[in-house]
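The following exercises concern the structure shown below. Each consists of a task and a solution in steps.

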Amino acid sequence: MVWTSHPVKQITGTLRAPGDKSCSHRALILGGLAKGTSEISGLLEGEDVLNTGRVMAALGADVERLGEGAWRVTGVGEGGLRSPSVDLDFGNSGTGSRLMLGVVAGYPVEARFIGDESLSGRPMGRVLDPLTEMGARYDASEGKRLPLTLQGRSDLSAISYEPPHASAQVKSCILFAGLNAEGETQVREPRITRDHSERMLRGFGAEVKSQRDGAANIVSIHGGQSLAAQETMVPGDPSSAAFLAAAAMISPRGGVVVEGMMSNETRDGFYRAAALMGAHVGAEDVGSAAGERLIDMSFESADLKGAEIPVDLVPSMIDEFPILAVLAAFATGTTVVKGAAELRVKESDRIKAVVAMLRVNGVEVEETEDGFIVQGCSGAVPGGGLAETHHDHRIAMSARVMGTASQKPVSIDDAAMIATSYPDFMEHMRVLGADFQQGAS
């Protein structure tokens, strides 16, 4: 169903950031594994996270919704997971499926993992290969993709593993498997990635060690540890807030405050990149949640300049490149993104999808093997195009933000998948002044 974003004169207002998706997944998973009952507040109730909750229930945890964002999870504890009587359906969630492959691998159960068309096209070999080294077995579709059946075991062997590419999903999968492995499991990251699994494992009582070595990072966990139930408040999601921030930055009259947002160096790459481009970004400490620092952030209209995005920022903004491309389109000069080959295996081939989104709206952009080069329009993005989302929520939201400040409206072919990560996106943007209408312009 086509939706169109019409240009508006201003984007202004104050909103609370939606619950962080990464932390929401992990809160349900760790609460479901722990001994006792965990209380969770601020949970993001997008489809991806809800599917993780359903999966944990199918594996034996008691998962109950108490109210908006409020959940109670009684974990399996020492009894461990049970083989599910139904397929484990992850919908569109690469995070949920990859993390749960690691969880299930450490228990003597068999489970069949399935997902939607988009998820079934994404490679799982990056997690299946190390899990096989640890002793798990699987039967997968061609190319090591879903649907697949995983056979876990209670006597996994610890490994020392260096992923070919920096990936928080791969690291987390191996750490979750290592929780039930014999010995010490190590993950040697070539570049540090988001560290929510380490922080939240510690919060649930596990000992996890991290050792920096320049840009690299070594994370280790001993097997045989038990988790204890916790009361957890999920911090605000910096990836979702990036869309609100960008809308303010490109607006003719923009001024947006996002409250209760997580501040974490493994997640703030977009904001650092935007600052390099001349964005006006303010931050104020307001407390902590789930082991994370909380801040209120403010964003204003800015005359953005093109920039070469430092490669060392890539892991900390891997989900934000579509919306960064929108900033680049409105900037003056050239923006260069490289070292981001990981984008090829997200919900879509995000490099191709980003390039197509910009081109159809009159922006000059070059696709490269591991990124893209955008020739900015000095604030005058033509617009007028229909962007194909390829079932990718971040492409859909980025195109919608672009349309709020382009010269002509911007349309997208589908908006339904936005609910996987940010179900309140349309409402929040309308509060700030966006004009979204069903149908073509």
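**Exercise 1.** Determine whether aspartate 195 is buried or exposed, and describe its surroundings.

*Solution.* Step 1: aspartate 195 has a relative accessible area of 14%, and it is therefore buried; buried means under 20% relative accessible area, exposed over 50%, and partly exposed in between, with a 1.4 Å probe and protein chains only. The model is a predicted one, in which local features need pLDDT of at least 70 and side-chain atom pairs count only at pLDDT 80 or more, while totals for chains, interfaces and linings use all residues. Residues are numbered from 1 along each chain as its sequence is written, and side-chain values use heavy atoms, with hydrogens and water left out.

Step 2: aspartate 195 belongs to the loop between β13 (184–189) and α7 (196–203). Helices (H or I, at least four residues) and strands (E, at least two) are DSSP runs, numbered from the N terminus.

Step 3: apart from neighbours within four places in sequence, aspartate 195 is in contact (heavy atoms within 4.5 Å) with Lys171, Asn264 and Thr266.

Step 4: the side chains of aspartate 195 and arginine 199 are joined by a polar contact of 3.1 Å. A polar contact is a pair of N or O atoms within 3.5 Å; within protein, one must be able to donate a hydrogen and the other to accept it, and residues adjacent in sequence count only if both atoms are side-chain atoms.

**Exercise 2.** Carry out the corresponding analysis for glutamate 342.

*Solution.* Step 1: the loop between β20 (334–337) and α11 (350–359) holds glutamate 342.

Step 2: the relative accessibility of glutamate 342 is 16%, so this residue counts as buried.

Step 3: beyond its neighbours within four places in sequence, glutamate 342 touches Arg126, His165, Ser167 and Ile318. With arginine 126 there is a side-chain polar contact of 2.9 Å.

**Exercise 3.** In which order do the strands of the sheet containing β13 lie, and which strands stand at its edges?

*Solution.* Step 1: four strands form an open sheet in the order β11-β13-β15-β14, with mixed pairing; two strands pair if DSSP finds at least two bridges between them.

Step 2: β11 (160–161) and β14 (208–213) each have a single partner strand and stand at the edges, so one side of each is left without a neighbour in the sheet.

Step 3: β14 pairs with strand β15 (residues 216–222) in the antiparallel sense over six bridges. Within this pairing, serine 210 is opposite valine 219 in β15.

Step 4: across β11, β13 and β15 lies helix α6 (residues 168–178), running at about 170° to β13. For such angles, axes are lines fitted to C-alpha atoms, for helices over the stretch in contact, and angles run from 0 to 180 degrees between N-to-C directions.

**Exercise 4.** Describe the sheet that contains β20, and identify the helices that pack on it.

*Solution.* Step 1: the open sheet has three strands in the order β20-β22-β21, and its pairing is antiparallel. β20 and β21 (364–368) are the edge strands, each with a single partner, so one side of each lacks a neighbour in the sheet. From one strand to the next, the twist averages 10°.

Step 2: five bridges link β21 and strand β22 (residues 371–375) in the antiparallel sense. Opposite glutamate 366 stands isoleucine 373 in β22.

Step 3: helix α10 (residues 321–330) packs on the sheet, touching β20 and β22, and its direction makes about 20° with that of β22. Helix α11 also packs on the sheet, touching β21 and β22, with a direction at about 165° to that of β21.

**Exercise 5.** How many aromatic pairs does the whole structure contain, and why does the pair of phenylalanine 425 and phenylalanine 436 count as stacked?

*Solution.* Step 1: a search of the whole structure finds six aromatic pairs. Rings of Phe, Tyr and Trp (its six-membered ring) pair if their centres lie within 6.5 Å; planes under 30 degrees apart count as stacked, over 60 as edge-to-face and the rest as tilted.

Step 2: the ring centres of phenylalanine 425 and phenylalanine 436 are 6.1 Å apart and the planes lie at 25°, so the pair is stacked.

Step 3: phenylalanine 425 is in helix α13 (residues 425–432) and phenylalanine 436 in strand β25 (residues 435–438), 11 residues apart. Both phenylalanine 425 and phenylalanine 436 are buried.

Step 4: ring pairs connect Phe243, Tyr422, Phe425 and Phe436 into a cluster.
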